[in-house]
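Trainee: I would like a close look at one part of this model, the largest cavity, and then at how the rest of the chain is built. Could you take me through it with the cut-offs stated?

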Amino acid sequence: MSGQRSSSGQNIPLLDDTTDEEDDEVFVNENKNYDAKYSDYYKFIANSKAIRPICIAEDVDFENMSFVERGGWWLGTILKLLSIIVLSVRTDRLSDTTYLSHHWLHYGGMLVFALAAWSPQVIDTLGSFGMVQEGMFKMSHTLAFSICAFGLFYYILAISFFFKCLGPWMREKLGTDKTLRFWEYFVSLAWQIQTLGFWVLTITPPMLEEELKIVPTWLTTSVGIFLLVVGIGSKMGAIYGTGYNTYYWYDMVTDIPNAYFVEVGIYKVIGSPTYTLGRGTSFGAALHYRSVPMLVAGVLDLLLINLFNKFVEQPSVERMYTKPSQTPAYRNTHLDI
């Protein structure tokens, strides 16, 4: 239930394709091309004029793929997107051997941290199936509510502080590459704290059981699962359309624009899918667990992330992508996929 970026489609001009002269400096394919120029992925990003790829399928040659190859690509992509959303870590890099060969320690630390943060939830789930002792984790309402509130506000305040103060200072004093490295751990910590804040609400004593008996369990379970699917699907659609880097705010972290924006898939329907429909995961979990506190937390999360979008992200997007000096270079880019 962590709150990654919306990558919202904006009603603003869009970056034009780069010229041949600029192509050397533009990040085109994160799996292979950067190794020819830098052994450090983060320095390559820091020295790029624009960030690519955008849409995940940008460099994929579907026309020359067999049916089986195409099916394998889609299956692998779906698993990557799902694991990124659940674990809040760049699992797509597990298949990027060039990146891993240079940054295995940096990435390995993030992966271990994410798995460790998820371990209490995994153990608790295994207890529900009788695979370990059930009910190993229990918490009072007061403590759980306090942890959840801390997680919700810490996440929003932490990333807002980074984009407004810490990030610009680090880019100037330490360099963009080191700032990006730090950010990947910084935002992972914020996401995991927020996720744990939601989870602790599931290990408290039940509330309002008698009052909720008038609502059939099958109804809350069915609607809850539907909202979970909508929420996860919306986030997957957002990542597919705007890329892994955009989902992790790379443009805002580095102050380097994306090469262009696209209107693809879910963005043809809604502009900020993970800040709106993507929040279905929180509400779906609340209905599934029949948890009023989690429902309240979901509403608060929805409010906070949209306040962040309005007062932090949108001003950054407008500053970066509507500079008068860049206006002639923009164009609309539409991909029908």
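Mentor: The largest share of the lining of the largest cavity, four residues, is supplied by helix 5 (residues 176-199), where helices are DSSP runs of H or I with at least four residues, strands are runs of E with at least two, and both are numbered from the N terminus. Please bear in mind that this is a predicted model, in which local features need pLDDT of at least 70 and side-chain atom pairs count only at pLDDT 80 or more, while totals for chains, interfaces and linings use all residues. Residues are numbered from 1 along each chain as its sequence is written, and side-chain values use heavy atoms, with hydrogens and water left out.

The structure holds one cavity of 30 Å³ or more, a cavity being a set of points on a 1 Å grid over the protein atoms alone where a 1.4 Å probe fits but cannot get out. About 50 Å³ of space lies in the largest cavity, the volume being that filled by probe spheres set on the points, which are joined across faces, edges and corners. Its lining (residues with an atom within 4 Å of a point) consists of Ser88, Val89, Arg90, Met110, Glu184, Val187, Ser188, Trp191 and Tyr248. These divide into five nonpolar, two polar and two charged residues, with Ala, Val, Leu, Ile, Met, Phe, Trp, Tyr, Cys and Pro counted as nonpolar, Asp, Glu, Lys and Arg as charged, and the others, Gly among them, as polar.

As for the surroundings, the chain has ten helices and zero strands, and 48% of its 337 residues count as buried, that is, under 20% relative accessible area with a 1.4 Å probe and protein chains only. The largest nonpolar core, a set of buried Ala, Val, Leu, Ile, Met, Phe, Trp, Tyr and Cys residues joined through side-chain atoms within 4.5 Å, has 64 residues, of which Phe163, Trp183, Trp249 and Phe308 touch the most other members. Helix 4 (residues 141-173) gives the most to this core, with eleven residues, and a second, separate core of six residues includes Ile54, Tyr260, Val262 and Val264. Leaving aside residues up to four places away in sequence, Phe308 touches Ile156, Ile159, Ser160, Phe163, Trp249, Tyr275 and Glu313, a contact meaning heavy atoms within 4.5 Å. Elsewhere, Ala238 is found in helix 7 (residues 217-247) and is buried, with a relative accessible area of 0%; the C-alpha atoms of Ala238 and Ile266, 28 residues apart along the chain, are separated by 6.8 Å.

How values were computed: 1 Å grid on protein atoms, 1.4 Å probe; cavity = no way out; pocket = protein on both sides within 12 Å on 5 of 7 lines; lining within 4 Å. Buried < 20%, exposed > 50% of the residue type's maximum accessible area, 1.4 Å probe, protein only.
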